[in-house]
Number of protein chains: 2
Amino acid sequence: MSVLNPSLSVDCVIFGLDTQEQALKILVYERDIFPDDNSGNKNLKFPGSLVADDESLDESADRVLKELTGLKNICLKQFRAFGDPARIKYDEEREWSERHYGVKIDRVVTIAYYALIRIDEHNPDQKLIKDKLRWINIDDTDNLAFDHSYILAKSREALQQDFIFQNVMAFELLPKKFTLQQLQSMYELILGSKFDKRNFRKKIGKAEYIVPLGEKQNGVAHKPAMLFRFDHKKFERSKEGIRNFFI
Amino acid sequence: MSVLNPSLSVDCVIFGLDTQEQALKILVYERDIFPDDNSGNKNLKFPGSLVADDESLDESADRVLKELTGLKNICLKQFRAFGDPARIKYDEEREWSERHYGVKIDRVVTIAYYALIRIDEHNPDQKLIKDKLRWINIDDTDNLAFDHSYILAKSREALQQDFIFQNVMAFELLPKKFTLQQLQSMYELILGSKFDKRNFRKKIGKAEYIVPLGEKQNGVAHKPAMLFRFDHKKFERSKEGIRNFFI
DNA sequence: CCAAAAGTGTTTTAATTACACCCATGA
DNA sequence: TCATGGGTGTAATTAAAACACTTTTGG
């Protein structure tokens with residue numbers, strides 16, 4: 001591979017929906033420099049790396065994600081650059097970066113991407129996850145390495161805004177066949193709020209791209225729910241008509 | 001000033017509302033390298049420059065804008081990084097960059113900012129504007145230098161999205177005292193669509209941060225319009241309650 | 001028969017849309 | 001007195017919000 005630019009990196013915030021636990025998590029990478037102390041989360045960072053000189057930012061993000069996690073064909077969305085000269089705060093962090101990348105580091109601007117995936121489907125490479133990668137709950141993420149807590153906060157805002165504006169690939173998050181309860185739970189986790197079940201269903205009922213299959217769940221110890229699927233083509237068509245927001 | 005990073009720049013897309021002409025314009029900077037030929041807009045670029053190593057991206061954008069245009073205290077919003085290695089397309093563009101900055105250029109990632117201002121109030125520095133800067137109509141901007149036409153397209157999307165989400169400083173665009181017609185025209189120019197006058201006024205009537213002054217226009221050859229002002233504090237308060245979009 | 005989640009409707013209130021005429025002013 | 005843009009209201013439709021009980025299944 002060609003030469004790494006010492007002042008330019010990409011970082012990937014991977015949001016994972018855990019359908020079983022009904023939780024939203026993020027994928028973090030454990031650095032090896034402070035191996036054992038009680039340093040809280042400061043060994044945890046997002047998968048990221050310096051950018052090579054012959055790749056675009058998007059390519060770089062795809063490559064880095066694949067190298068560090070095994071994840072590929074993930075739809076990453078660039079949402080922001082972070083460039084405070086003091087974002088690598090501590091000498092030890094600078095030192096870690098220099099040892100890790102093998103180049104002299106002065107100041108690094110990072111271009112941040114996010115993606116939303118299903119934890120149980122796209123599981124990162126098993127070998128890597130064992131010693132380096134972890135899913136952690138999104139509410140348990142204070143004090144990440146560098147300025148990654150700040151990056152996380154901004155990525156959540158971007159995610160929510162994009163989700164509301166419907167540009168977002170949120171249906172990859174559910175199983176092919178899903179219940180309305182799972183769908184509602186997804187909305188609630190991403191937007192961080194609760195909705196009324198009946199009103200939610202009324203609204204969903206109008207979205208022609210959420211299609212009832214004839215089938216029901218089985219094996220559940222309660223009334224089985226109707227299963228639905230997501231229709232991509234109808235969804236794309238429905239996105240045309242988004243122009244009636246303010247006024 | 002300290003050393004410039006040869007692979008990192010900022011660019012500023014300055015949208016200017018021209019209240020007289022009722023037009024939305026952008027501020028472009030004329031490069032001096034192709035001085036006379038019929039090169040269309042390819043000598044025109046956004047004000048931008050390489051980033052110094054000891055400044056944040058935001059600081060860099062503020063500095064560059066001030067140096068190149070005289071504009072200061074403008075609320076710039078970062079909206080996107082552009083990093084295709086081929087974004088500096090032509091050898092002549094690379095050559096221009098190298099001569100202009102005096103450093104060897106390989107590939108430049110640019111962090112793009114936008115701002116919305118009133119043309120008649122914040123006028124860029126007069127000496128500069130005469131030979132380097134021009135306001136051009138937003139619909140007349142094909143084929144700018146580098147990838148700046150693409151950057152413009154993306155900045156418009158960001159502007160519209162931010163405007164709808166109300167995070168945006170759009171009332172700086174109007175005179176302190178403005179008419180509802182001016183307000184509507186601003187909405188239409190920014191969002192690129194037309195609204196019904198009565199429905200617009202009905203909606204505006206509910207926004208408590210748009211306050212009628214007792215006064216009317218004068219000197220106009222028709223029924224004079226009521227003047228309004230914008231109440232910053234009430235606007236800030238009203239922004240709290242933005243959480244009821246989708247569902 | 002019990003626990004657990006699914007499923008379902010109505011009423012009230014607020015927002016959106018479409019639409020056309022008279023008014024005040026300066027020239 | 002005319003040209004110009006300012007200003008106004010209603011009715012119909014659609015969306016939003018609040019709210020509680022019955023159904024089906026497995027254990």
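This tour goes from DNA strand D to the contact between the two chains, then to the two domains of chain A. The model is predicted.

**Stop 1: DNA strand D**

Select DNA strand D and the protein residues within 4 Å of it. There are 21 of them. Those that come nearest are A:Val220, A:Lys223, B:Lys197, B:His222 and B:Met226. Sugar and phosphate make up 39% of the strand D atoms that come within 4 Å of the protein. Colour the surrounding residues by class: 10 are charged, 7 nonpolar and 4 polar.

**Stop 2: Base contacts from chain A**

Which chain A residues should you label for atoms lying by the bases of strand D? Start with A:Lys202, where a polar side-chain atom lies 2.9 Å from a base nitrogen. Move to A:Arg198, which has a polar side-chain atom 3.3 Å from a base nitrogen of strand D. Finish at A:His222: here a backbone N or O atom lies 3.4 Å from a base oxygen. Now show α6 (197–206) of chain A and α6 (197–206) of chain B, the elements that give two or more residues to the surface near strand D.

**Stop 3: Chain B against chain A**

Hide the DNA and select both chains. Each side is listed by count: 36 residues from chain B and 36 residues from chain A. The buried area is about 3,200 Å². Carbon and sulfur atoms give 61% of that area. Look for salt bridges between chain B and chain A and the count is 0. Polar contacts number 7 residue pairs across this interface, both residues at pLDDT 80 or more.

Next, show chain B alone. The elements that each supply at least two residues to its side facing chain A are β1 (4–18), β4 (48–52), β5 (77–82), β6 (109–118), α4 (148–164), α5 (180–191) and α6. The residues on that side divide into 18 nonpolar, 9 polar and 9 charged.

**Stop 4: Two domains in chain A**

Select 4–164 of chain A as domain 1 and 174–239 as domain 2. Their C-alpha centres lie 30 Å apart. In the contact, 12 residues of domain 1 meet 11 residues of domain 2. About 1,100 Å² is buried between these domains, 69% of it from carbon and sulfur atoms. Which three residues supply 47% of the area that domain 1 buries here? Select A:Leu17, A:Gln22 and A:Phe163; no other three supply more.

The count of polar contacts between the domains is 2 residue pairs, both residues at pLDDT 80 or more. Last, show β2 (23–30), β6 (109–118) and α4 (148–164) of chain A, which each supply at least two residues of the domain 1 side. The largest share, 5 residues, comes from α4(A).

Terms used: Residues are numbered from 1 along each chain as its sequence is written. Chains are lettered from A and ligands numbered from 1 in the order in which they are written. This is a predicted model: local features need pLDDT of at least 70, side-chain atom pairs count only at pLDDT 80 or more; totals for chains, interfaces and linings use all residues. Side-chain values use heavy atoms; hydrogens and water are left out. A polar contact is a pair of N or O atoms within 3.5 Å; within protein, one must be able to donate a hydrogen and the other to accept it, and residues adjacent in sequence count only if both atoms are side-chain atoms. Helices (H or I, at least four residues) and strands (E, at least two) are DSSP runs, numbered from the N terminus. Ala, Val, Leu, Ile, Met, Phe, Trp, Tyr, Cys and Pro count as nonpolar, Asp, Glu, Lys and Arg as charged, and the others, Gly among them, as polar. Contact means heavy atoms within 4.5 Å. Buried area is the accessible area (1.4 Å probe) that two parts lose on being put together, summed over both. A salt bridge is a side-chain nitrogen of Lys or Arg within 4 Å of a carboxyl oxygen of Asp or Glu. Domain bounds come from an automatic or database domain assignment.
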